[in-house]
Amino acid sequence: MPESNTHLHDLLQAPKLAASLPCLTPLAHLAWTAVVDIDERESLGKSAYGERFIVPILGGRFWGGPGHELLSGTVRPGGADRQLLRQDGVKELHAIYEMETEDGTVLSIDNQALIDESAKPSRYAISRIRVSAPEGAHEWLNRRLFVGTVQSLRPERAAVLIRAFLMTT
């Protein structure tokens, strides 16, 4: 069979092969909730990609969801959320900060969000969260995927509410 026919045959067989396996649907389980206290947003000027901002992280608290009670402690001050307000009105957020568990373990958090206030019926604010944990009780966090939500707590508090969900199948 000529190479082009072999490639066409493979393409036609792909749906049949995929149908032979179960469709694994991702499931989200609440891993932790964090209230992250923030300072005022500072403009860093416009760039070719849009207007840039930085929001200092002042601290906060976090606590584990069901089955993850060991994930509780404080959000350390010193991190920051870098923001890009794109020309299309969408905000890209990139927050890097540390959370310290009650057992003294320091977790480094890299949270990248996309926020679209124009989305209907409600705003779109979803993030992907990468955790870097040292060896020990929390090292399993390095081997899992987390997706988060972002909500403002203003005007009651200069903070954001982050809910982190462990993705499984």
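Two strands are taken to pair if DSSP finds at least two bridges between them. All views show a predicted model.

**View 1. Pairing of strands β3, β5 and β6.** Strand β3 (50–64) pairs with strand β5 (residues 80–86) in the antiparallel sense, over seven bridges. One residue of β3, Gly-50, has Arg-86 of β5 as its bridge partner. Strand β5 is also joined to strand β6 (residues 91–101), again in antiparallel fashion, by six bridges. Here Leu-84 stands opposite Glu-92 of β6.

**View 2. The hairpin of β5 and β6, with a salt-bridge network.** Four residues lie between the two strands of this hairpin, in which Gly-89 adopts a positive phi near 90°. Arg-86, Asp-88 and Glu-92 are linked by salt bridges into a network. Two members of this network also appear in View 1: Arg-86 as the bridge partner of Gly-50, and Glu-92 as the residue opposite Leu-84.

**View 3. The surroundings of Ser-72.** Ser-72 is located in the loop that runs between β3 (50–64) and β4 (73–75). With a relative accessible area of 10%, Ser-72 is buried, because the value falls under the 20% limit for that class. Apart from neighbours within four places in sequence, the contacts of Ser-72 are Phe-62, Trp-63, Gly-64, Glu-100, Thr-101 and Glu-102.

**View 4. The salt bridge between Glu-100 and Arg-76.** Glu-100, one of the residues in contact with Ser-72, forms a salt bridge with Arg-76, and the closest N and O atoms are 3.1 Å apart. The pair links distant parts of the chain, with Glu-100 in strand β6 and Arg-76 in the loop between β4 and β5, 24 residues apart. Both partners are partly exposed: Glu-100 has a relative accessible area of 24%, and Arg-76 has a relative accessibility of 35%.

**View 5. The salt bridge between Arg-154 and Glu-40.** A search of the whole structure yields seven salt bridges. In one of them, the side chains of Arg-154 and Glu-40 meet at 3.9 Å, N to O. Arg-154 belongs to the loop between β9 (146–152) and β10 (159–168), and Glu-40 to the loop between β1 (27–38) and β2 (42–47), so the pair ties together parts 114 residues apart in sequence. Arg-154 is partly exposed, at 40% relative accessible area, whereas Glu-40 counts as exposed, at 54%.

**View 6. The salt bridge between Arg-123 and Glu-117.** The side chains of Arg-123 and Glu-117 meet in a salt bridge of 3.3 Å, N to O. Arg-123 is partly exposed, with a relative accessible area of 33%; Glu-117 is partly exposed, with a value of 45%.

Notes: Residues are numbered from 1 along each chain as its sequence is written. This is a predicted model: local features need pLDDT of at least 70, side-chain atom pairs count only at pLDDT 80 or more; totals for chains, interfaces and linings use all residues. Side-chain values use heavy atoms; hydrogens and water are left out. Buried means under 20% relative accessible area, exposed over 50%, partly exposed in between (1.4 Å probe, protein chains only). Contact means heavy atoms within 4.5 Å. A salt bridge is a side-chain nitrogen of Lys or Arg within 4 Å of a carboxyl oxygen of Asp or Glu.
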